[in-house]
Amino acid sequence: MSRFFHGGASDSESSSSDEEELYSEEEEEKSEESSSEESSSSSSSDDELSESEEEAEGGSRFIAGGKYDDSDESEDEGKRIVKSAKDKRLGEIESSIKLIENAEKINDWVVITAEFDKLNRFVEKAKQSGPVPKLYIKAVADLEDFMAESIAKDKASAKKMNAANARALNTIKQRIKKNNRTYEKEIEQYRGDKEGYMAEEEEEEKPMIKVKKDKTVTRENIAPAGFEDDEGFATVGRGGKAVQYTPESIFKHLKIIIEARGKKNTDRMDQIRTMEKLLEIAQTPYQKVKVLLALVSTRFDLTTGASNYMSTEQWKSASSEFNLLLDTLERNPNYIVHELAEEWDDDERAPEPGPDEVFKVPGSVVSFIERLDDELTRSLQNIDPHTTEYIERLGDESALYAGVVRSQAYYERIQQQPDVKVTESLNRVVNRRLEHVYFKPAQVVETVEEHTWNCLPNSVESAITPRSVTRNATNLINTLCTYLYKYDQTILRTRAILCQIYHHALHNQFYKSRDMLLMSHLQENIHGADVSTQILYNRTLVQAGLCAFRAGLIYEAQTALQEICGTNRLKELLAQGVQIQRYAQVTPEQERLERQRQLPFHMHINLELLECAYLTCSMLLEIPALAAAGSSPDIKKRAISKTFRRMLEYHERQIFTGPPENTRDHVMQASKALAAGEWKRSSELIHAIKIWDLLPEPEKIKEMLAVKIQEEGLRTYLFTYAPFYDTVAIDRLAEMFDLTERKVSAVVSKMIAHEEIAAALDQVNNAIIFRKGVELSRLQSLALTLSEKASSLIELNERVLEQKTAGSGYEGAVGGGRGGRGGRGGRGEGGRGDVDNRRGGRGGRGRGGIVSSRGGAVRA
């Protein structure tokens, strides 16, 4: 038999006996520990019956008169003491005071400082459930006396205390001085009669309540029924008692909320609910202003992070509370909110300015209106613009604009005070108002202004923009911009100029907008401005180009649009989308900043319309230019629009071109037809583009484009076929291009004046006579080009050699200035060099010069 079977039983028996010994030892240890525990721990063990007792007396516990009957109060039962929150706070205060007294004996001010801070925290908690303990008054009074004695001894003694102790003493000195101001009356009472003051506290003390372990514990922290809300619940503080909101306690609650601002684990919604209750019970204007300032700020704190935006409900609440703040300030002109005001320190007594006095409350109205504007913009950036939610959210802009106008009127009113300077804040509000109206059509602006003034009270009036001025959109924007030109010297002035130019361009005043843009010289230093201002500049430039296009100024339109539309970054430059290049390395931070700069959808300029206008203008300029260049390679390089040239070349390389599908295809096929002389086909393709319907008066735009295509078709025809004509009749050209003879004569005369064609206008025979010059073949033109390039290369080579030899020259028989050709030195005079080292200067200009013995060169 295997040895495993022989030892199996013995092993199991030994293991079981070992386990029994282990369990017995553990039971003995437990019994010894339980016998050595104090009576406080025995109360917890008495609650649990052993298994043997449960088996022996399992039924008796439910029988009346049994051992576990509640009516039988046995002396053996353990009794526990339930301490109230007040008693616990007093115990903590007593322990801190004891530590402070012990530290005073060894003069340890580091410990005293730490325990003093703890003591104040315990007292703040104790004050929520009752008055300040007299034990605390005694401790701070004695500590102040002891501190004065220690400072006097330290000055008298030669041996100074160590640096850490000295710093702690200075710290506690300042804290005690500041802390004891709050309890001046109590400290004076204590110092007047110390024994009597403390004896009163002993009489007020209540005996502890002893409660049986199984009896229901009496609860002292139940909220009184008088402070219940509508649903039957009451707000309970940390001490367990109901929090009472009274007009006298408003500043105390506000102080607690403001101190908790920015800390972790702070329930901001609970703070908002608290301040809403405080606003309901606020009575004086000062109380309402303070609560509203804190309430609006706390609502803004709910939004954390750059990617999040304020909820619509919270935004509307903040907007209504902001309007209530302005209404309170308008009704009480003795109170003004100012950024540079000092904080009122006395929380017990509110300020009471006289009839002619003005009290400044610290705060910023312009910061609130700017934050409301930014939060609305951020929400519009994140909402899908093709949904009804975006339209509903956009409707809140009217309420925001009314707040901006009201803020402007408020700052205008307080600016009249002699010692109040709010010029910067007023400029910021005016700029916000301007940026809300500059991109809108005149009818929309006038409607918004009328609605805004109807919503505002009649007492609200603006000196900068009276109600009569706002009836005309152009006058309103001109007034706002003129004010910023006069009183602002910052970037707001630049933005005001751009806004006014944009408004003029939007309303078809091209020459006025162009003159303002050129006279401002913004194009010279706009690269040093911030990104948002550069975006506004790009938008203004594009709008000016569209204005020129609507006016039929093709060259001006193409020039204005070239700088923006000629790049592949159209969306990025106009802040209408994030366009990441193929090989560009963009960090997440850069991408996040780029998304923050995006404009809301209702401020976008149609990119397809921009591209269509730009390509159409480029077509009308490039096709005649290509025809005039002919086979000359130099002229071909002078591209008006490289983007258009690249697209046209790509289109011409296509083997098969189907019907046009998008805007670009329409313009490319129209260009190809115009180059072939089919101006009617070109006009039809351009008119087939549906994007023109987005422009005001699209029929006029199409008629203008048809005339321009006819004129450029005539120019292209003359450039292409002029070498094959001796004369051509004007009436024939008028018939071919469906133009009047007067118009054909004007076009031809302009081409002759600009020396674009070599011809003369015969008014007698009503014809054009072409002058035949020396016609160069393709080989001859290439030879001329090669000779010009060779001469430029020789000139460059001479310049490089001159730079290398100007300082030292050649040593030896050959002097400086290339003897064979005379160099590029003086005009025939020999250069002066040194005889010994034969260093020559720059030679003459003549060719075939002879090197002299002095190293110079003379003309032959």
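Let's start at tryptophan 692, which, leaving out residues up to four places away in sequence, touches Phe549, Leu609, Cys612, Ala613, Thr616, Ile686, Pro698, Ile701, Lys702 and Leu705. Keep in mind as you look around that this is a predicted model.

Trp692 is also a good way into the interior. The largest nonpolar core has 155 residues, and Trp692 is among those that touch the most other members, together with Tyr410, Tyr411, Phe549, Leu610, Met619 and Ile686. Helix α28, residues 607–629, gives this core its largest share, with twelve residues. There is a second, separate core as well: it has 29 residues, including Val123, Leu143, Ile172 and Ile187. As general background, nonpolar side chains in soluble globular proteins tend to be buried together.

Now step back for the overall view. The protein's secondary structure comes to 36 helices and nine strands. Of its 860 residues, 37% are buried. Among the contacts with a separation of 6 or more, 63% are between residues 24 or more positions apart.

With that in mind, let's visit helix α33, residues 698–721, where you will find glutamate 712. This residue has a relative accessible area of 13%, so Glu712 counts as buried, the cut-off being under 20%. Setting aside neighbours within four places in sequence, Glu712 is in contact with Leu620 and Pro624. Both contact partners lie in a helix we have already met, since α28 covers residues 607–629.

The loop between α27 and α28 is our next stop, and glutamine 598 is found there. Gln598 is buried too, at a relative accessible area of 12%. Beyond its neighbours within four places in sequence, Gln598 is in contact with Gln381, Ala575, Gln576, Gly577 and Val578. Another residue to locate from here is serine 532: Gln598 and Ser532 are 66 residues apart in sequence, and their C-alpha atoms are 9.6 Å apart in space.

One of those contact partners of Gln598, Ala575, deserves a look of its own. Alanine 575 sits in the loop between α26 (570–573) and α27 (588–596). Its phi is positive, about 55°, although the residue is not a glycine. Most residues other than glycine have a negative phi. Ala575 is buried, with a relative accessible area of 1%.

Asparagine 107 likewise has a positive phi without being a glycine, in this case about 60°. You will find Asn107 in the loop between α5 (85–105) and α6. Here the relative accessibility is 28%, so Asn107 counts as partly exposed.

Following the chain on from Asn107 brings us to α6 and the way this helix packs. Helix α6 (residues 109–127) packs with helix α8 (residues 163–180) at an angle of about 30°, and their axes are 8 Å apart. Because of that angle, α6 is roughly parallel to α8, the limit for this being under 35 degrees. Their crossing is left-handed. On the α6 side, the contact is made by Trp109, Val110, Ile112, Thr113, Phe116, Asp117 and Asn120, while α8 brings Ala164, Asn165, Ala168, Leu169, Thr171, Ile172, Arg175, Ile176 and Asn179. By class, nine of these contact residues are nonpolar, five polar and two charged. Ile172 may look familiar, as one of the residues in the second core.

Our last stop is helix α11, which packs with two other helices. Helix α11 (residues 250–259) and helix α12 (residues 268–281) meet at an angle of about 160°, with axes 11 Å apart. This makes α11 roughly antiparallel to α12, and the crossing is left-handed. Ile250, His253, Leu254 and Ile257 of α11 make this contact with Gln271, Thr274, Met275, Leu278 and Ile281 of α12. Six of the residues in the α11 and α12 contact are nonpolar and three are polar, with no charged residues.

The other partner is helix α13 (residues 285–301), which packs with α11 at an angle of about 20°, their axes 11 Å apart. These helices, α11 and α13, are therefore roughly parallel to each other. Their crossing is again left-handed. From α11 come Ile250, Phe251 and Leu254, and from α13 come Tyr286, Gln287, Lys290, Val291 and Ala294. This contact of α11 with α13 has six nonpolar, one polar and one charged residues.

Methods. Residues numbered from 1 in each chain as written. Predicted model: local features only at pLDDT ≥ 70, side-chain atom pairs only at ≥ 80, totals over all residues. Heavy atoms only, no water. Axes fitted to C-alpha atoms, helices over the stretch in contact; angles between N-to-C directions. Helix = DSSP H or I, 4+ residues; strand = E, 2+ residues; numbered from the N terminus. Parallel < 35°, antiparallel > 145°, perpendicular 65-115°, else oblique. Left-handed = near helix turned anticlockwise from the far one by under 90°. Contact = heavy atoms within 4.5 Å. Nonpolar A, V, L, I, M, F, W, Y, C, P; charged D, E, K, R; others polar. Core = buried A, V, L, I, M, F, W, Y, C linked by side-chain atoms within 4.5 Å. Buried < 20%, exposed > 50% of the residue type's maximum accessible area, 1.4 Å probe, protein only.
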